[in-house]
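Here is a short report on helix packing and buried residues. Please read it with the structure open.

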Amino acid sequence: MLDAIRTSTESFWSFLSDIAIVPLLAAIGCHLLKLACTSRAWRNVLAAAYPETPVAWRPILAAYVSGVGINAIVPARAGDAVRIFLAHRAIPGSSYTTIVSSTVVLTFVDMTLALLVFGWALTQGVLPSFDALSALPAFDYSWAFEDGVIHPAALLVILGVLAGGAWLLHHFWHRLRRRVAQAFNVFDPPMRYARTVVFWQLLDWTLRLVTVWFFLGAFGIPQSVGNVLLVQATMSLSTLVPATPGGIGTEQALIVYAFRDVGVARSTLLAFSVGMKLVLTVVNVIVGFTALFLTLGTVRYRSVVARPDPDAPPPG
């Protein structure tokens, strides 16, 4: 994988002088607006969960972009823990159970739209099969496939994780169900969910597709709805299991495979994929760690997490 990432990065640097600045800046602007829309939807879910507590948008925005910034450079979604911690800190009297559950509410629209994009990509025959996946250079999960089928060890891991999650849910559900249910208050009435959550998430998805559109233009790749959806499908697939920060390496392998019949040079595709990844990573890190510093007064969030809460009730 390191060789593939190095090759992709070299392609980007050699392509750097040919990048169109105006569409690049437009892509960055759309990406920032996308972050704002997602955080607004999350804030509305939390506001419905805590109707008697004022839930301001600004600290939730800061919590969300801080998590995005950390996820950009740390694997295994470490930023999600920071995001939850900052949101809990911003809402007096809130519980971690409810805040974690509130993120589940946001997955319904995302999963539906992602499945639609995947479904379209599958009808086009552009995504790799299991056989092709294991043969792709830099594919992070080739160990999980053998002769076109899932490796037995990988299947056991998946089943073990599902079984463990089911046992934990069953064991703790009677203690947590009230706080979990609280996160779903936004569905009562359903129109509130559509107006305050779905609306913002649809804007989020529109902006993420427009962002890809402008990035394609910045790198001189034909701009079309099909190409935008193709890029989005490969981006989603590469981050499905976050083995690397942002799925780097996997995404480059997938995009070269998916665009194999489009008539775009491999070096251009690698430059585009790495360039878009680098630009978004830099933007996310700058915005995220700035928000983290403004919120906590430090970017060393672990020291703040470990610090006892002076407002917490005494044990017992």
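## A buried aspartate and its surroundings

Asp204 has a relative accessibility of 1%, so this residue counts as buried, the cut-off being under 20%. The model is a predicted one. Asp204 lies in helix H9. Which residues does Asp204 contact, leaving aside its neighbours within four places in sequence? They are Lys34, Cys37, Thr38 and Asp110.

One of these contacts, Cys37, is itself buried, at 8% relative accessibility. Cys30 is buried too, with a relative accessible area of 12%. A search of the whole structure for disulfides finds zero.

## Helix pairs

Two packed helices are described by the angle between their axes and the distance between the axes. Two pairs, both involving H2, are set out below.

| Helix pair | Axes come within | Crossing angle | Handedness |
|---|---|---|---|
| H2 (residues 21-49) and H5 (residues 96-105) | 10 Å | roughly 130 degrees | right-handed |
| H2 and H9 (residues 190-218) | 8 Å | roughly 165 degrees | left-handed |

Take H2 and H9, whose axes cross at roughly 165 degrees. That angle is over 145 degrees, so H2 is roughly antiparallel to H9. H2 passes H9 in a left-handed crossing.

Now take H2 and H5, whose axes cross at roughly 130 degrees. Their angle falls outside the ranges for roughly parallel, roughly antiparallel and roughly perpendicular, and H2 and H5 are therefore oblique to each other. Which residues make the contact between H2 and H5? H2 supplies Trp42, Val45, Leu46 and Ala49. H5 supplies Thr98, Ile99, Ser102, Thr103 and Val105.

## Helix H4

Helix H4 covers residues 78-90, a run of 13 residues. From its first C-alpha to its last, H4 reaches 19 Å. The expected value, at 1.5 Å a residue, is 18 Å, and the span of H4 is close to that.

Which residues of H4 are buried? They are Gly79, Val82, Arg83, Ile84, Phe85, Leu86 and Ala87. The list includes a charged residue, Arg83.

## The chain as a whole

The secondary structure of the chain comes to 13 helices and two strands. The chain has 316 residues, and 45% of them count as buried. What share of contacts between residues at least 6 apart in sequence joins residues at least 24 apart? The share is 69%.

Key:
Residues numbered from 1 in each chain as written. Predicted model: local features only at pLDDT ≥ 70, side-chain atom pairs only at ≥ 80, totals over all residues. Heavy atoms only, no water. Disulfide = S-S within 2.5 Å. Buried < 20%, exposed > 50% of the residue type's maximum accessible area, 1.4 Å probe, protein only. Helix = DSSP H or I, 4+ residues; strand = E, 2+ residues; numbered from the N terminus. Expected span 1.5 Å × (residues − 1). Axes fitted to C-alpha atoms, helices over the stretch in contact; angles between N-to-C directions. Parallel < 35°, antiparallel > 145°, perpendicular 65-115°, else oblique. Left-handed = near helix turned anticlockwise from the far one by under 90°. Contact = heavy atoms within 4.5 Å.
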